[in-house]
Amino acid sequence: MRVQRGLSEMLKGGVIMDVVTPGQAKIAEDAGAIAVMALERVPADIRRDGGVARMSDPEMIEGIQAAVSIPVMAKARIGHFVEAQVLEALGVDFIDESEVLTPADEAHHIDKMKFTIPFVCGATNLGEALRRISEGAALIRSKGEAGTGNIVEAVRHLRSILGDIRKITQADSAELFAWAKLLDAPLPLVQEIAETGRLQVPLFCAGGIATPADAALAMQLGAESVFVGSGIFKSDDPAPRARAIVEATAHFRDAHIIAKVSRKLGAPMTGIAMDEINQRYAERGW
Amino acid sequence: MSARTRIGVLALQGAFAAHAAALQRLGVRADEVRVPGDLAECDALVMPGGESTTMSQLLETSELFDPLAKRIADGMPVFGTCAGMILLSTGIADGRPDQRSFAALDIDVQRNGFGRQLDSFETEIAVQGFDRAFHAVFIRAPRISRIGSGIETLATYGGEPVLVRSKTVMAASFHPELADDDRVHQLFLNMVQG
């Protein structure tokens, strides 16, 4: 557990970028990504194409592992523990049990305690985050709404998770039982949050980051790193945008630096408003 | 140690929060360092684990590399763990070709020399001067492949050095900030105190 959560600590203050080819992985590493997420299609394309989205082809993951020296993450479908076993066999550094892929189980997430490789899971609220932690997740990311280029859902989820943590630190011991019931989360984890004032594992942000200012917004709200999916390789000019998002994440409180790096980046991905989408990935997971 | 001693923690990326927490438990002030102005106010610096490729790039873009190199050359005490050790080393194997390091310690390192995450591990090690073992967490850890003659080895694992120091620079390939045991940080504070 210490080794798994430890890798999450090492990833703080950085940007994890979705990549679909070894070439993109190199661009991400050159831009200063702390890790890459190897997948077959970025969420914006999954959204456009429809159909069932699954774990990536092992050969493609190996190609990306060979191309970069930074950690390589890959996605398994929710509840698809065999995809996770395969990813562990491939030696990926982190597994994302992800709502961006089509869920394989409508009641159960993967029992992550059975694995050596750490897992990251998405959450829209604190209860969901604590259920994933109780299953063994070493890292939580707010889900946001992947493939939209719209930060609004990520903000909602971060505010929900961190707002409830702040409230719990003010609760008395009797109220913690009600909080555990309300959140549908294990009482000992709720009690631990009341004591420490923080989640048991690092909290990162995902889903909708398209600009350096989006990344800094997530960080100022309390995320400790950001995942950028479609936002980089669906923009006009991925390399400088990737570099700028890395700098804005490191210097998230410094508006002068964010202003400086936000220049001359070309157009960001177009993005979609929430009432224009018919499938909300954030609703997947239980 | 003076109550006014300020230890900086390089906070461009990585496990800086865990280091700051360890230093604060030992009763010293720990400040995050991201820009040259932050560095100027520090008496010593901790360089955390994380991704050394990301950090070396951010050191350049944040215009921290040269002022930090000068402070280290002027004798400011520095403690690097994992990626921090890579940045302090003289030679880096399996890094990026454009990756610069401070050459503050006469050692060569191999990036991820202990393997990928599947090979990460925790173990008890003996540290010179400690009366009981230290719980060491190794995460995608670098391996010291060459050690200069003036460098003191304070701990080994499998016969290889994993905690080394010169007069003002200490480096660990493992993560004392994840151990719930602040003795290695105290060792660094002793160096700062001189």
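Which residues of helix 10 of chain A are buried? I started there, in what is a predicted model. I listed P212(A), D214(A), A215(A), A216(A), A218(A), M219(A) and L221(A) as buried. Helix 10 spans residues 212-221, and I noted it as mostly covered, with seven of its 10 residues buried.

Next I looked up what those buried residues pack against. The partners are helix 7 (152-170), strand 7, strand 8, helix 12 (238-250) and helix 13 (255-261), each in chain A. I then checked the residue just after helix 10 of chain A. G222(A) sits there and takes a positive phi of about 125°.

**Entry: strands 7 and 8 of chain A**

I turned to the aromatic pairs. The count is 13 over all chains. I picked F204(A) and F227(A) to look at closely. Their ring centres are 6.2 Å apart, the planes make 50°, and the pair is tilted. F204(A) belongs to strand 7 (residues 203-205) of chain A and F227(A) to strand 8 (residues 226-228) of chain A, so the pair ties together parts 23 residues apart in sequence. I checked burial for both. F204(A) is buried at a relative accessible area of 0%. F227(A) also counts as buried, at 6%.

I noted a tilted pair in chain B as well. F130(B) and F134(B) lie 6.2 Å apart, centre to centre, with 50° between their planes. Both F130(B) and F134(B) are buried. I followed these rings outward and found one aromatic cluster: F114(B), F121(B), F130(B), F134(B), F138(B), Y157(B) and F174(B).

**Entry: cysteines**

How many disulfides are there over all chains? I searched the whole structure and got zero. I looked at C121(A) to see why. Its sulfur is 16 Å from the closest cysteine sulfur, that of C205(A), and a disulfide needs the two within 2.5 Å, so this is too far for a bond. From the other side, C205(A) is in no disulfide, and its nearest cysteine sulfur is that of C121(A). I also looked up accessibility. C121(A) is buried at 1%. C205(A) is buried at 0%.

**Entry: nonpolar cores**

Which members of the largest nonpolar core touch the most other members? I found L130(A) and L199(A), in a core of 107 residues. I then listed the contacts of L199(A), leaving aside neighbours within four places in sequence. They are L126(A), A129(A), L130(A), I133(A), I140(A), I165(A) and I193(A). A second, separate core has 34 residues. I noted V127(B), A141(B), L154(B) and M170(B) among them.

**Entry: arginines over rings**

I looked at R47(A) first. R47(A) is part of helix 3 (residues 43-49) of chain A. It lies over the face of Y281(A), 4.2 Å from the ring centre. Along the chain, R47(A) and Y281(A) are 234 residues apart, yet their C-alpha atoms are separated by 9.3 Å. Is R47(A) buried or exposed? At 17% relative accessibility, under the 20% cut-off, R47(A) counts as buried. I listed its contacts, again without neighbours within four places in sequence. R47(A) touches E145(A), A146(A), G147(A), T148(A), I272(A), I277(A), Q279(A) and Y281(A).

In chain B I found R100(B). Its charged end sits over the ring of F65(B), 3.9 Å from the centre.

**Entry: R143(B)**

I looked up R143(B) next. R143(B) lies in strand 9 (residues 143-147) of chain B. It counts as partly exposed, at 27% relative accessibility. Which residues does R143(B) touch, not counting those up to four places away in sequence? I listed D108(B), V109(B), Q110(B), G113(B), F114(B) and E160(B). One of these, F114(B), is also in the aromatic cluster I noted above. I checked a C-alpha distance too. R143(B) and V162(B) are 7.6 Å apart in space and 19 residues apart in sequence.

**Entry: the interface**

Last, I looked at where the chains meet. Chain A gives 37 residues to the contact, and chain B gives 37 residues. The area buried between chain A and chain B is about 2900 Å². Carbon and sulfur atoms give 53% of that area. I asked which residues of chain A lose the most area to chain B. They are R2(A), V3(A) and M10(A), together 27% of what that side buries.

Terms used. Residues are numbered from 1 along each chain as its sequence is written. Chains are lettered from A and ligands numbered from 1 in the order in which they are written. This is a predicted model: local features need pLDDT of at least 70, side-chain atom pairs count only at pLDDT 80 or more; totals for chains, interfaces and linings use all residues. Side-chain values use heavy atoms; hydrogens and water are left out. Buried means under 20% relative accessible area, exposed over 50%, partly exposed in between (1.4 Å probe, protein chains only). A nonpolar core is a set of buried Ala, Val, Leu, Ile, Met, Phe, Trp, Tyr and Cys residues joined through side-chain atoms within 4.5 Å. Contact means heavy atoms within 4.5 Å. Rings of Phe, Tyr and Trp (its six-membered ring) pair if their centres lie within 6.5 Å; planes under 30 degrees apart count as stacked, over 60 as edge-to-face and the rest as tilted. Helices (H or I, at least four residues) and strands (E, at least two) are DSSP runs, numbered from the N terminus. A charge sits over a ring if NZ of Lys or CZ of Arg is within 6 Å of the ring centre and within 35 degrees of the ring normal. Buried area is the accessible area (1.4 Å probe) that two parts lose on being put together, summed over both.
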